[in-house]
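Have the sequence and the 3D view at hand. We start from a single residue and work outwards.

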Amino acid sequence: MSETPTKYSFGMIGLGTMGRNLLLNIADHGFAVAGYDKSQKQVDLLREESEGKAVEGFSDPEAFVQSIATRARL
């Protein structure tokens, strides 16, 4: 992974083929993204396919939620 941000700008729940590819596509366009799946195998596959990108996978739902940036209210 390249510089891993403290907070990610987009999160995806479900890292099957569609979810994983959507995250990778968003990362290719310069966004830091995070994904969650209850299957560690899916999380590992995301990490393997996203090497060098600002992408992180989680199998712990609480850690995933905490990793997503929130917007400041105006």
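This is a predicted model. Apart from its neighbours within four places in sequence, S50 is in contact with L24 and V55. S50 sits in the loop between α2 (40–49) and β3 (55–58). Is S50 buried or exposed? It counts as buried because its relative accessibility is 1%, and the cut-off for buried is under 20%.

Both contacts of S50, L24 and V55, lead into the largest nonpolar core. This core has 10 residues: M12, L15, L23, L24, I26, A27, V33, V43, L46 and V55. At least two of them come from each of α1 (17–28) and α2. The biggest share is from α1, which gives four residues.

Take V43 from that core. Leaving out neighbours within four places in sequence, V43 is in contact with L15, D37, G57, F58 and S59. There is also a second, separate core. It holds seven residues, including Y8, A34, A54 and F64.

Now look at the sheet. It is open and has three strands, in the order β1-β2-β3, with parallel pairing. At the edges lie β1 (10–13) and β3, each pairing on one side only. On average, neighbouring strands are turned by 20° against each other, direction ignored.

Follow one pairing in detail. β1 and β2 (residues 33–36) run parallel and are joined by four bridges. Which residue of β2 is the bridge partner of I13? It is Y36.

Finally, return to α2. This helix packs on the sheet and touches β2 and β3. The direction of α2 makes about 170° with that of β3.

Conventions. Residues numbered from 1 in each chain as written. Predicted model: local features only at pLDDT ≥ 70, side-chain atom pairs only at ≥ 80, totals over all residues. Heavy atoms only, no water. Helix = DSSP H or I, 4+ residues; strand = E, 2+ residues; numbered from the N terminus. Buried < 20%, exposed > 50% of the residue type's maximum accessible area, 1.4 Å probe, protein only. Contact = heavy atoms within 4.5 Å. Core = buried A, V, L, I, M, F, W, Y, C linked by side-chain atoms within 4.5 Å. Pairing = 2+ DSSP bridges. Axes fitted to C-alpha atoms, helices over the stretch in contact; angles between N-to-C directions.
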